[in-house]
Structure formats: C-alpha cells, structure tokens
Amino acid sequence: MGRGIIKECECGAPLKIKCADGHDTCEIVNWYVPRSILVSMINKNIQKIFKDYSLEYNICIVGDMGYIVNGTENLQTEVEIPFAAIECFKHDSVALTHRVKAYAVNMNEKCGSGTCSYAKIEKCTENDGMACLPKVFYTILPGYRPQPHKGMEYGDVAAEVKIGNKAYDLKGIIKKNSENRPRKSVNDDEKIRKPLLSTSGEGQEIIRQFVEQGMIDARCQIIAVVIPQYIDAGFKGTLRHLARLSGKKVTFIELDELSELISINKKILVS
C-alpha cells in the first residue's frame, strides 16, 4: 500500500491497513536490523576474498535503502541529548505535583472531539483551558506553533534549538500515554506507574516513525520522543541504537519533563 492508495485483493475485497493511531494513509515500509548471526555469515563470505581486513560495521535496511556504518570509530559515542541541555527547556525548578502528572497522563495528541483544524487551533492558542500534547511546546520551542495533526508526518513538533552555542534542527514524535484509552478504565496512578514498552501500540508506532521517517530525514538532527509516560530502559536502548546507526541524536521527553513544561506554560491551565 502506497501513501493514500488502497490496493485490492484478487478476490475483489479491499485491503485497508491502519496504523496504531488509526490512520489509514500511512506509507508501509519494511525495515530490518540484521541479527549478529547474519552479519557473521556475511563476514565469512567477504573474508574469503579480503582475508586481511578486519570487518566492523552495522547495517540497517529501510525499504530499498541500506545504511552501513563502517568501523566502530565512525559510530557516535554519545547519541542521547539530555532534556536539560536544550536551552529553551531550561527553567527555574518547579515542584512536580501528582495533580500535574495526573493531568499530563490524560492528555491526547489533539484535544476534544472531531478533527483538528486551523480554525480550532486559533481558538486553542487563546484559550488556556484547551490543551493537547503539541500545545505543551507552544511559547517554549522557538517559533513553534501547533498545527493540524497529520497521520503521515512524524514531525508533530519542530523547531531549531540550541545546545550551548550550536543550533540543531529538532523534530518530535508525540504519542499519548499507552494506558490512556477511551474504552479502558485505568486510574491515574496506574497510568503514571506503568512504563512504555516497545511492544505497546504507541511503542510500535514510535519505532515505525523513528525508522521510516526520522532516520531518513536529512534535515533532522535531533529526534525527540515525547510521551507523558516513563519509557522502558530497554526501549530507550533500542532507539539509541537506531539513532547511532543513522547518525542522529535523540532526546527523551517523558512524564517528568512534560509535567515541568506544563507547569511553566502560561497557555495551559491545569484543571
């Protein structure tokens, strides 16, 4: 299935695929990170010809494109950018109350009912009672303004940010708390406590957007993973590895960091 194109089966039944967020216009791209046994088998064949070469590289295949990082010395030693290192996120310390965290875990990628339109956003930016996860960054990220949510784009937030004296292009993948579902009754304490796993719907969608869109976007230097939830340590390790393969930086904006931004954002009234 291509972007916005629905193909039919030979029997005539329509094939309609939806992603974890319910979008049916996302481009489906296969991607692979080879296991060590496959790399070892490739090395054995190469060394039959190039016997005196030491082979150290990583491979990632996305669609019809292959990424090969040759030599451990070419890999970035540090790929994670701490939240507090980004200049626009620096602020006076605030107390992270249970009330603010409970508010954060119940926020969605768009507020209220119906679609997110430019007219609705005009009202939202003036009304501190209307809030969604992208709005948390309004007035905080330089030049950023909320825009209608689009399923085929991973840049839910985007801006040029500074780390020290250097400027970087940042794009953010935003997802709601994996336990925040309309047909699932989960109390706020459970939403706060339970970590985000790579196997959850939100986790799978983050990986898909990270690989299929973030890794191949030459304009993007930092990929921000934004979710009002604590991210499982193993999941973070996977995303760091993918960032290292593609020469990207990654920053994690989790429940505590989002709660801080909500607390200092004068455009959001915590109810």
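# A tour of the predicted model

Read along the sequence, the pattern is β-α-β-β-α-α-β-β-α-α-β-α-β-α. That gives seven helices and seven strands. Keep in mind that this is a predicted model.

**Whole protein.** Start with everything shown. The protein has 271 residues, and 44% of them are buried. Now think about contacts between residues with a separation of 6 or more: 69% of these join residues 24 or more positions apart.

**The sheet.** Select residues 157–163, which is strand β4, and 249–253, which is strand β7. These are the edge strands of an open sheet, and each pairs on one side only. Four strands make up this sheet, in the order β4-β5-β6-β7. The pairing is mixed. In general, strands of a sheet pair through backbone hydrogen bonds, either parallel or antiparallel. Look at the twist next: neighbouring strands here are turned by 30° against each other on average, direction ignored.

**One strand pair.** Add residues 166–174 to see β5 beside β4. How many bridges join β4 to β5? Seven, and the two strands run antiparallel. Click on V157: G172 in β5 stands opposite.

**A helix on the sheet.** Select 201–214, helix α5. Helix α5 packs on the sheet and touches β5, β6 and β7. Show β6 as well, residues 222–226. The direction of α5 makes about 165° with that of β6.

**Two helices that cross.** Select 98–105 for α2 and 255–264 for α7. Their axes lie 9 Å apart. The packing angle is about 105°. Angles of 65 to 115 degrees count as roughly perpendicular, and so α2 and α7 are roughly perpendicular to each other.

Which residues of α2 and α7 meet? Show side chains to find out. From α2 come V100, K101, Y103, A104 and V105. From α7 come L255, D256, S259, I262 and S263. Colour this contact by residue type: six are nonpolar, two polar and two charged.

**The aromatic rings.** The structure holds two aromatic pairs. Select F83 and F89, which form a stacked pair. Their ring centres are 4.8 Å apart, with 10° between the planes. Are these two residues buried or exposed? Buried means under 20% relative accessible area. F83 has 10%, so F83 is buried. F89 has 2%, so F89 is buried too. Finally, add F137: ring pairs link F83, F89 and F137 into a cluster.

Notes. Residues are numbered from 1 along each chain as its sequence is written. This is a predicted model: local features need pLDDT of at least 70, side-chain atom pairs count only at pLDDT 80 or more; totals for chains, interfaces and linings use all residues. Side-chain values use heavy atoms; hydrogens and water are left out. Axes are lines fitted to C-alpha atoms, for helices over the stretch in contact, and angles run from 0 to 180 degrees between N-to-C directions. Angles under 35 degrees count as roughly parallel, over 145 as roughly antiparallel, 65 to 115 as roughly perpendicular and the rest as oblique. Contact means heavy atoms within 4.5 Å. Ala, Val, Leu, Ile, Met, Phe, Trp, Tyr, Cys and Pro count as nonpolar, Asp, Glu, Lys and Arg as charged, and the others, Gly among them, as polar. Two strands pair if DSSP finds at least two bridges between them. Rings of Phe, Tyr and Trp (its six-membered ring) pair if their centres lie within 6.5 Å; planes under 30 degrees apart count as stacked, over 60 as edge-to-face and the rest as tilted. Buried means under 20% relative accessible area, exposed over 50%, partly exposed in between (1.4 Å probe, protein chains only).
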